Amino acid sequence: MEQVDLLILGAGAAGLFCAGSALRQGRRVVVLDHARDPGEKIRISGGGRCNFTNLATAPDRFLSRNPRFAASALSRYPAADFVRLVDRAGIAWHEKTQGQLFCDGKATQITRMLLDRMKGAELRMQTALRALRHDGTGFVVETSGGTIRAGQVVVATGGKSIPKIGATGIAYDIAAQFGLRLVETRAALVPLTFAEQELALCRPLAGVSVEAEIRHGGGRFRDALLFTHRGLSGPVILQISSYWQPGETLQIDLAPGRDVAADLKTARGQSGRAAVASVLGQALPARLAAAICEEMGLAQARLADQPNARVDAIGARVNHWQVRPVGTEGYRTAEVTLGGIDTRDLDARTLQARAVPGLFFIGECVDVTGWLGGYNFQWAWASADAAGRAA
């Protein structure tokens, strides 16, 4: 039976980084994955440029049953440490909004950097896990390439999001097998879908984007909103999807920072002959303004003819639009998985299972889910480093 010191399951962001952090003189580290290529989520992230971290990383940017759990790992491997690693690799990068860092070139530069960092470890792709057990002295791992005995095992197989690149829930199966508790999982950072009534507005506006603000369930975000054929997407919707629960109503401000009713009343006194849609189009994209006016029976109406009550209704429709999504697009398009392995069963400093010495869980499979904007990659690096050094 083949012997290794540390076996890492999963060759994604967390698994590759963990291998680099775990390397020691004379130590044998092996990384296994059933996929063909390593780092698939890295490759497709950030539009192919990889939003690899966020300078504003802090524990309050993460959702978990225990909001403080991530603090230990994040404080010991902050975003600045990963940026230094990127700089040393000669990878050019730039900052977009809100502390988000992206590669100037291709996302695969990050994968190459991680592979270079873990030189000395073995990477075995297209190798499926068949079974994992503990025989009292170590872990016995049956794979499609044979059986391996490992002193320690790190599970870095991610969550259920984006199954087309090979994502599965195997981490949760392993956790349950060893008696760890699970927090219910669901798709997060995902577009929302609507019933036919709301789609009557959304479908004709597919492709239209507007800055919006949403406050819901403890989350408050202001960013771009995108109308789609199935409902709503865009950064502000992806962010709030992590806080929204089925059956809940969202209130959306389509013109944040503006009192639309007050603006319309002012305009009514100055240019009352103008069409409502034309004046409203000064605060919103023209197509959206026209659609709202048509929805309210004001397609051809002049602003001068609208009483205060009607103007207030228009303002409420823009600044306090209430919609009830019927669901999300699911794991198919979700960027991450919310929930996962209960942090009560993991050591916050090492990510080791409290009741199973030598077994670690890192990255997306843990009940730690970041906001959109590089936070989940930073959790991958930080949790992987904590486990790698401990192992």
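1. A starting point for this predicted model is the make-up of the second largest pocket, whose lining, sorted by residue class, has 3 nonpolar, 4 polar and 4 charged residues. The space that lies in this pocket comes to about 270 Å³.

2. Which residues line the second largest pocket? Reading along the chain, the lining begins with Leu63, Ser64 and Arg65, continues with Val183, Glu184 and Arg186, then takes in Ser242 and Gln245, and ends with Leu338, Gly339 and Asp367. With the structure in view, it is worth finding each of these residues in turn.

3. Two strands deserve attention here, since strand 11, covering 182-188, and strand 19, covering 336-341, each give the lining of the second largest pocket at least two residues. Strand 11 provides the largest share of that lining, namely 3 residues.

4. Elsewhere in the model, 3 strands make up an open sheet, in which the order is 3-6-5 and the pairing is antiparallel. The edges of this sheet are strand 3 (51-54) and strand 5 (93-95), each of which pairs on one side only. On average, and with direction ignored, neighbouring strands of the sheet are turned by 25 degrees against each other.

5. The pairing of strand 3 with strand 6, which spans residues 100-103, can be followed in closer detail, for these two strands run antiparallel and are joined by 3 bridges. Thr53, for example, has Leu101 of strand 6 as its bridge partner.

6. What lies across strand 3, strand 5 and strand 6? The element in question is helix 4, made of residues 79-88, and the direction in which helix 4 runs is at about 140 degrees to strand 3.

7. A single residue may serve as a further exercise: Ala313 has its place in helix 12, which covers residues 308-319. Is Ala313 buried, partly exposed or exposed? Its relative accessible area is 32%, and because buried means under 20% and exposed means over 50%, Ala313 counts as partly exposed. Ala313 and Ala13 stand 300 residues apart along the chain, and their C-alpha atoms are separated by 49 Å.

8. Finally, for the protein chain as a whole, the secondary structure comes to 13 helices and 21 strands, and the C-alpha atoms fill a box of roughly 85 × 40 × 35 Å along the principal axes. Of the 391 residues in the chain, 55% are buried. If one takes the contacts between residues at least 6 apart in sequence, 73% of them join residues at least 24 apart.

Key: Residues are numbered from 1 along each chain as its sequence is written. This is a predicted model: local features need pLDDT of at least 70, side-chain atom pairs count only at pLDDT 80 or more; totals for chains, interfaces and linings use all residues. Side-chain values use heavy atoms; hydrogens and water are left out. On a 1 Å grid over the protein atoms alone, a cavity is a set of points where a 1.4 Å probe fits but cannot get out, and a pocket is an open set with protein on both sides within 12 Å along at least five of seven lines; lining residues have an atom within 4 Å of a point. Grid points are joined across faces, edges and corners, and a volume is the space filled by probe spheres set on the points. Helices (H or I, at least four residues) and strands (E, at least two) are DSSP runs, numbered from the N terminus. Ala, Val, Leu, Ile, Met, Phe, Trp, Tyr, Cys and Pro count as nonpolar, Asp, Glu, Lys and Arg as charged, and the others, Gly among them, as polar. Two strands pair if DSSP finds at least two bridges between them. Axes are lines fitted to C-alpha atoms, for helices over the stretch in contact, and angles run from 0 to 180 degrees between N-to-C directions. Contact means heavy atoms within 4.5 Å. Buried means under 20% relative accessible area, exposed over 50%, partly exposed in between (1.4 Å probe, protein chains only).
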